[in-house]
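Me: I would like to go through the assignments in this model one at a time. For each, give me the value, the criterion and the conclusion.

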Amino acid sequence: MPSSMSPPAMAAAGTASAILLYYTLSRLLESKDTKKRQITRRLSTVSKTTFLVAGDIGGTNSRFALHLPGKKEPLLVHIYPNEEALKESKSYHHATLKPFFEKCLEEVEHWMGCSEEEMKAKVQVVACLAVAGPVKSDNSVFMTNIAKGCRIDGNEIEKCTDGLLDLVVRCKLVNDFVGQGYGLLDLDLDTEVVELLPGSKERMDPLGPKACVGAGTGLGECFLTINSLAPQLGYECYPCEGGHVDWVSRGPLESELHEFLKAKFGAKTRVSTERVVSGRGLANVYEFLAKKFPNRIDKAVHEEFLAAGDQQGRVVGVNSKKEGSLAQQATEIMLTSYGAEVGNAALKYIPTGGLYLSGGLTPKNLHFIEGLDSPFMKAYLDKGRMTSLCESIPLLAVKNEDIGLRGARVCAEREYNALKD
């Protein structure tokens, strides 16, 4: 893409290029992929209307959006809290995807007034679920960030004939940060991001690598590259498990935290960065501080924390603005470690095309992230001889929490195009 293009034009061109790249690669890999897994459902190109379902499946919530092919604007978006939805259901798709289809039947104009049998006769769905966990080659994933774990199997969803689940002809699973990565290309850089280093947007190299680090329920990372010999194909995104690299303490108090986390999780020598830099990590840090400084506990906050289940991190975050509180100290420790890990990503990927902060914790904690004297930025730039390199990287915070859902739509569009051919 020419460097003279405006940021909105670059975003639009990037999205189109990503879809084109997806389609091109899918055709090259189609014969190999179909040998790996038998496709039991076929796309009808004559008698049925196709809808796309994008899903962003995190450790806390499952977000779904219904689209018509080629349309960015969703017909319906709904969020399901995982802990509540999974209590009594026999499978993940019965707990979330089936109720979403039933909600579409009630609220989406194209679906309203139809019986389930009428829907099966005239509608089909191509879905892509961006899931927090490593996706296996058999199109399944086991999510460890959901209490007691949860298995999601795209092939089982395709085969399921229970009610409106029978509409699904293809369900592709991708890593959640593959969804985040492609979602970056859909951002409006004028309104949906915040520059954390001045001049970041102007420094973005249109052919440079991009990287994304996002803290939410867990900690995810990905990177994107473009072929300089064929830039018209756009960016391709690669997942990684960078959130599970070793966490390193930065002082005496954090050394004690390290020992606390090792004992809590039964680790002999190390703990992962996600144990600190995430919603659950924030809860871990607060738990440590409450144990070490019992005289500083705010009784009302602590009781709310203990009763909050998988929302303990939210309780800490909501109360983090109270000056001198354990919640504020826990948040500052978490965000210092967040900044250090984002700095590590800057050194590993040298993402001259942009280094993005995403995830639910980023927009909620911008007041702790923005500014060169913030806990986050101080740690980001604390790289010794490599500080100047970190200063040169375009660094942006994403204000929206829906980029994983946007990226899943791009993936669903790819699957639909591949099936049409």
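Reply: A salt bridge here is a side-chain nitrogen of Lys or Arg within 4 Å of a carboxyl oxygen of Asp or Glu. By that criterion the structure holds 21 salt bridges. The model is a predicted one.

Me: What makes the contact of Lys72 and Asp186 a salt bridge?
Reply: The N to O separation of these side chains is 2.7 Å, and the cut-off is within 4 Å, so the pair qualifies.

Me: Which parts does that pair tie together?
Reply: Lys72 is in the loop between β2 (61–67) and β3 (76–81), and Asp186 is in the loop between α7 (176–184) and β8 (193–195), so the salt bridge ties together parts that are 114 residues apart in sequence.

Me: Why is Asp186 called buried, and why is Lys72 called partly exposed?
Reply: Asp186 has a relative accessible area of 13%, and buried means under 20%, so Asp186 is buried. Lys72 has 43%; partly exposed runs between the 20% limit and the 50% above which a residue is exposed, so Lys72 is partly exposed.

Me: How do you know that Arg151 and Glu156 form a salt bridge?
Reply: Their closest N and O atoms are 3.4 Å apart, and the limit is within 4 Å, so the pair counts. Arg151, with a relative accessible area of 42%, is partly exposed. Glu156 is partly exposed as well, at 40% relative accessibility.

Me: What makes Arg414 and Glu415 a salt bridge, and are these residues buried or exposed?
Reply: The N to O value is 3.8 Å, still within 4 Å, so the pair is accepted. Arg414 has a relative accessible area of 15% and Glu415 has 5%. Both values are under 20%, so Arg414 and Glu415 are buried.

Me: Which residues do salt bridges with shared partners join into one network?
Reply: The network consists of Lys72, Asp186, Glu192, Asp402 and Arg406.

Me: Why is Val108 called buried, and where is Val108 found?
Reply: Val108 has a relative accessible area of 2%; the limit is under 20%, so Val108 is buried. Val108 is found in the loop between α4 (97–107) and α5 (116–122).

Me: What is Val108 in contact with, leaving aside its neighbours within four places in sequence?
Reply: The contacts are Leu66, Leu75 and Leu76. Leu66 is 42 residues from Val108 in sequence, with a C-alpha to C-alpha distance of 9.0 Å. Contact is judged on heavy atoms within 4.5 Å, so the C-alpha value is not the one that decides.

Me: How do you know that the span of helix α9 agrees with its length?
Reply: Helix α9 (residues 252–265) has 14 residues, which at 1.5 Å a residue should span 20 Å; the end C-alpha atoms are 20 Å apart, so the two agree. Just after α9, Gly266 takes a positive phi of about 70°.

Me: Which residues of α9 are buried, and what covers them?
Reply: The buried ones are Glu254, Leu257, His258, Phe260, Leu261 and Lys262. The cover includes α10 (279–292) and α13 (326–349).

Me: What makes β8 and β11 edge strands?
Reply: The open sheet of 6 strands has the order β8-β13-β12-β9-β10-β11, with mixed pairing. β8 and β11 (235–240) each have a single partner strand, so one side of each lacks a neighbour in the sheet. Neighbouring strands there are turned by 25° against each other on average, direction ignored.

Me: How do you know that β8 and β13 pair?
Reply: β8 and β13 (residues 395–398) are joined by 3 bridges and run antiparallel. Pairing needs at least two bridges, so β8 and β13 are paired. Val193 has Val398 as its bridge partner in β13.

Me: What makes β2 and β3 a pair?
Reply: There are 6 bridges between β2 and β3, in the antiparallel sense; at least two are required, so the strands pair. Ala65 stands opposite Val77 in β3. Both strands belong to an open sheet of 5 strands in the order β3-β2-β1-β4-β7, with mixed pairing.

Conventions:
Residues numbered from 1 in each chain as written. Predicted model: local features only at pLDDT ≥ 70, side-chain atom pairs only at ≥ 80, totals over all residues. Heavy atoms only, no water. Helix = DSSP H or I, 4+ residues; strand = E, 2+ residues; numbered from the N terminus. Expected span 1.5 Å × (residues − 1). Buried < 20%, exposed > 50% of the residue type's maximum accessible area, 1.4 Å probe, protein only. Axes fitted to C-alpha atoms, helices over the stretch in contact; angles between N-to-C directions.
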